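Dear colleague,

Please find below the structure that I am handing over to you. My findings follow directly after it.

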Amino acid sequence: MITCSAPGKVYLFGEHAVVYGESAICCAVELRTKVHVEKNDDVIIESILGTTGPDLKVHPYVTHVIEMMKSLTDLRGVRIRIESELPVGSGLGSSAAVTVASIQALNHLLSCGLSPEDVAKTAHEIEIRVQGNASPTDTYVSTMGGVVMIPQRKRLPLLKCPIIIGNTNKFSSTKELVGNVAKLRSEFPSVIDPILSNIGQMSILAEELVSKNDYVTIGKLMNVNQGLLDAIGVGSAELSDLVYAARNSGAISAKITGAGGGGCIVVIAEDKDTMRIVKAIEDAGGEAIITKNTEEGVRLESFNGRR
Ligand code: PMV
């Protein structure tokens, strides 16, 4: 049996603006999806969503991964078991993580020789097949790990402070939110384009700040980014409740991460304030997860029982 895992991600800056070619800064977080694979007569996929054969409704990403791998190599049956620390549909990149970890596990099982670049590219193609459209950000960061400036794919140093995620537990549709921003932009291009460009500028300013570990200034800019996300209509009352609960309990910064509408906020904080912020997020009706960023993207966890 082979086990691989891949991380989720948060956006420090730049969601939505990145769709229009602006810069964003995204980082892999130490919340992982693990995929165990072994050869089998039939295809069996097990997860919290159920146990199925190839099934585009219940397990669309993994079913597409298996089809893709069948076209590359002689694969008849496989048993795949998925375990995830990432909440589904919350903007933390759970679909990218399961896709990337499945491809890499099968890559090892079947000795396909795919490079990390190939894994990221294949995973992106599968996200497009399932979702109709997807930026390469999630699949790239989940494969490569680290703090990455997009679209430049420039690697920045890790943040050394805790990252807290606040989940509204409200499902958010990236496709719908991206569509709403597109509509607003076509209605008011002279208003919305400068906002998107300002978001991109914040990512560019933050590049140097991340290198200098200047979290206070990064936090100030993240808060401005939050205001601009509200301005383009991707906020919600639940997200704002969590943002202000976190800020009022000592967070350096709190903003939406990902598409918005529902899903999650990302908070950066000092160690000493972490538990107070967690409590404030929970008191405001959210679920809090303490994590940190990670250099490690997809990784082999075990190979025939050996670690
Ligand atoms: O919510 P997520 O993790 O799917 O992130 C969406 C980020 C957007 O910039 C809004 C869309 C994209 O494809 O980059």
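A backbone N or O atom of Ala259 lies 2.9 Å from an oxygen atom of the ligand. Please note that this is a predicted model. A second backbone contact involves Gly91, where an N or O atom lies 3.2 Å from a ligand oxygen atom. The side chain of Tyr11 also takes part, with an N or O atom 3.4 Å from an oxygen atom of the ligand. In total, 13 residues surround the ligand. The closest of these are Lys9, His16, Ser135, Thr174 and Ala259.

With regard to the overall architecture, the chain is divided into domain 1, covering residues 2-154, and domain 2, covering residues 159-291. Domain 1 contributes 27 residues to the contact between them, and domain 2 contributes 38. The centres of the two domains, taken over C-alpha atoms, are 24 Å apart.

The area buried between domain 1 and domain 2 amounts to about 2,600 Å², and carbon and sulfur atoms provide 68% of it. Within domain 1, the residues that lose the most area to domain 2 are Phe13, His16 and Tyr20, which together account for 28% of what that side buries. His16 is thus listed both here and among the residues closest to the ligand.

As to specific interactions, two salt bridges are counted between domain 1 and domain 2. The side chains of Lys154 and Glu207 form a salt bridge, with an N to O distance of 2.4 Å. Eleven residue pairs are in polar contact between the two domains, with both residues at pLDDT 80 or more. On the side of domain 1 that touches domain 2, strands E1 (2-13), E2 (24-39) and E6 (147-150) each supply at least two residues. Strand E2 gives the largest share of that side, namely six residues. By class, the same side of domain 1 comprises 16 nonpolar, seven polar and four charged residues.

Two points of backbone geometry may be of interest to you. Most residues other than glycine have a negative phi, and most peptide bonds are trans. The peptide bond from Ile150 to Pro151, however, is cis, with omega near 0°. Pro151 is situated in the loop between E6 and strand E7 (154-156). Ser111 has a positive phi, near 45°, although this residue is not a glycine. Ser111 is placed in the loop that runs between helix H2 (94-109) and helix H3 (116-131).

With kind regards

Methods
Residues are numbered from 1 along each chain as its sequence is written. This is a predicted model: local features need pLDDT of at least 70, side-chain atom pairs count only at pLDDT 80 or more; totals for chains, interfaces and linings use all residues. Side-chain values use heavy atoms; hydrogens and water are left out. Domain bounds come from an automatic or database domain assignment. Contact means heavy atoms within 4.5 Å. Buried area is the accessible area (1.4 Å probe) that two parts lose on being put together, summed over both. A salt bridge is a side-chain nitrogen of Lys or Arg within 4 Å of a carboxyl oxygen of Asp or Glu. A polar contact is a pair of N or O atoms within 3.5 Å; within protein, one must be able to donate a hydrogen and the other to accept it, and residues adjacent in sequence count only if both atoms are side-chain atoms. Helices (H or I, at least four residues) and strands (E, at least two) are DSSP runs, numbered from the N terminus. Ala, Val, Leu, Ile, Met, Phe, Trp, Tyr, Cys and Pro count as nonpolar, Asp, Glu, Lys and Arg as charged, and the others, Gly among them, as polar. A residue is near a molecule or strand if one of its heavy atoms lies within 4 Å of it.
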